[in-house]
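Please take a moment to look through the sequence and the model below, and then read on for a guided walk through two of its regions.

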There are 4 protein chains.
Amino acid sequence: MFELDVRSRKPIYEQLIDKVKEMVQHGILQADEQLPSVRTLSSQLTVNPNTIQKAYRELEREGYIYSLQGKGSFVSPLQQGQNESQKAELRNELLRLMAEAVYLGFTALEIGALYRQVEEQRERGNNSD
Amino acid sequence: MFELDVRSRKPIYEQLIDKVKEMVQHGILQADEQLPSVRTLSSQLTVNPNTIQKAYRELEREGYIYSLQGKGSFVSPLQQGQNESQKAELRNELLRLMAEAVYLGFTALEIGALYRQVEEQRERGNNSD
Amino acid sequence: MFELDVRSRKPIYEQLIDKVKEMVQHGILQADEQLPSVRTLSSQLTVNPNTIQKAYRELEREGYIYSLQGKGSFVSPLQQGQNESQKAELRNELLRLMAEAVYLGFTALEIGALYRQVEEQRERGNNSD
Amino acid sequence: MFELDVRSRKPIYEQLIDKVKEMVQHGILQADEQLPSVRTLSSQLTVNPNTIQKAYRELEREGYIYSLQGKGSFVSPLQQGQNESQKAELRNELLRLMAEAVYLGFTALEIGALYRQVEEQRERGNNSD
DNA sequence: GTGGTCTAGACCACG
DNA sequence: GTGGTCTAGACCACC
């Protein structure tokens, strides 16, 4: 289900966060769908439970998932228009990366193509409901 | 000249790398212009010389600056069309952030605006020669 | 295990890099085998941890080793056919040294013998699995 | 005459040493031919005289050139079969580089081709006497 | 003067 | 436990 690269320089818990976000964004994980438990995922991925815990906690903080005491973790329904500070931070990151991309020679066309790629993946996910 | 946040979670040397890149990308630092010496910057920022050196070394590795032995560090002239692996990595990062942005409700217009903002800053830098 | 010459003109971290490469090339260190930790090696060699870390970091950059977060450093399995720029640089170095060797009177036979020596050490290492 | 890369990480004096050796090995500089004076070369290359001095001193130490008091520096005639310690050191360097080359996937054919390339350049130089 | 190497030792992030 | 970051400060190589 999740594929992690333990050799990567990126911390495992961050990789896990990104994977879950990606699946939520692509509609692979639907709203209110239950996520695997910490214990299950830990043994499936042969990763320390604390690492899974840390990823879930961060996903909850960012509003991607919510947890019910004793029941488990679930995907949050999309709530657009909130998280203004989160959006501001993301905007800065995007600016930084775009500036670097333009400097390295990316054209407006290439960047536009990246955007369209994102849109397509999103629609494909939504149609498979 | 450079403003650092020593309390940030982002390492000082990375903050410095980003600042220098930004100034190069915006044309604030021009090609072949000399950067402050490791020692000078170290005392200006009250940061250890090794930390500055680490940042400069990474900037050199990424092709943003070069150093002349016994003379100091200088801004590299722009050489587009190289660093293919660097560009591939950047493309992935951009995809990831855009997907997150779209999910959080950014519209195509907003993202286009970010791109135009990058372009404007670049032109403003180049015109101030 | 490793012998260093602290009085040599060659930096300690470079000596260490060369030693590790040699042991990997000769099969003394096998793929996915764990290297001594930075701290352990540091105290064994009575060399500062930062110096060991610098060597390990460069070895990782060159693809000879990889590190698992919180677990340690390990020998990379051999992946031929990559690192084209690395190979190009090496080719130039070899050309330079061979030209010097020929000038100093090395015969084709002697140089061929060196090559066979390399091959033999490699096979001896692989057979001792 | 000499082309130096001041941006290279390799010290200028070493680059100069290599260039002179190369020209001697290829027969471009003939035995007993006079080299440019330190002062001349210094202004031609816009390099510090001390740097040229250092290169010439090292070339003399290695037996590539000799200097006559007040007259200048001259190319040494080839004296094969001497410098045993020099040859031993060179043999070690060659072994080290070849081992790395083989590890990175160089074939015996490729290495043989490098040797033939050296031989050809040598003959071309000798025929142009 | 410049950057490069190294030490001694603290603190943090990750698992 | 592991490696990663940072400081304070010494010494060296290069120009």
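How far apart do the C-alpha centres of domain 1 of chain A and domain 2 of chain A lie? In this predicted model, the two centres are 24 Å apart, with domain 1 covering residues 12–75 of chain A and domain 2 covering residues 84–127. Where these domains meet, four residues of domain 1 are in contact with four residues of domain 2, and the area buried between them is about 340 Å², of which carbon and sulfur atoms give 39%. On the side of domain 1, A:Gln25, A:His26 and A:Glu62 supply 83% of the area buried against domain 2, more than any other three residues. By class, that side of domain 1 has one nonpolar, two polar and one charged residues. Between the two domains of chain A there are zero salt bridges, although one residue pair is in polar contact across the interface.

We can now turn to the DNA. Strand E is surrounded by 27 residues, and C:Ile12, C:Asn48, C:Asn50, C:Thr51 and C:Gln69 are the closest. Sorted by class, the surface near strand E has eight nonpolar, 13 polar and six charged residues. Of the strand E atoms within 4 Å of the protein, 66% belong to sugar or phosphate, while the rest belong to bases.

Phosphate oxygens of strand E take part in several pairs: one lies 2.4 Å from a polar backbone atom of C:Ile12, one is 2.8 Å from an N or O atom in the side chain of B:Gln53, and one lies 3.4 Å from a polar side-chain atom of A:Tyr13. Among the elements that give two or more residues to the surface near strand E are α1 (12–25) and α3 (49–61) of chain A, as well as β2 (72–75) of chain B.

Technical notes: Residues numbered from 1 in each chain as written. Chains lettered and ligands numbered in written order. Predicted model: local features only at pLDDT ≥ 70, side-chain atom pairs only at ≥ 80, totals over all residues. Heavy atoms only, no water. Near = heavy atom within 4 Å. Polar contact = N/O pair within 3.5 Å; in protein donor to acceptor, adjacent residues only side chain to side chain. Helix = DSSP H or I, 4+ residues; strand = E, 2+ residues; numbered from the N terminus. Nonpolar A, V, L, I, M, F, W, Y, C, P; charged D, E, K, R; others polar. Domains from an automatic or database assignment. Contact = heavy atoms within 4.5 Å. Buried area = accessible area lost by both parts, 1.4 Å probe. Salt bridge = Lys/Arg side-chain N within 4 Å of Asp/Glu carboxyl O.
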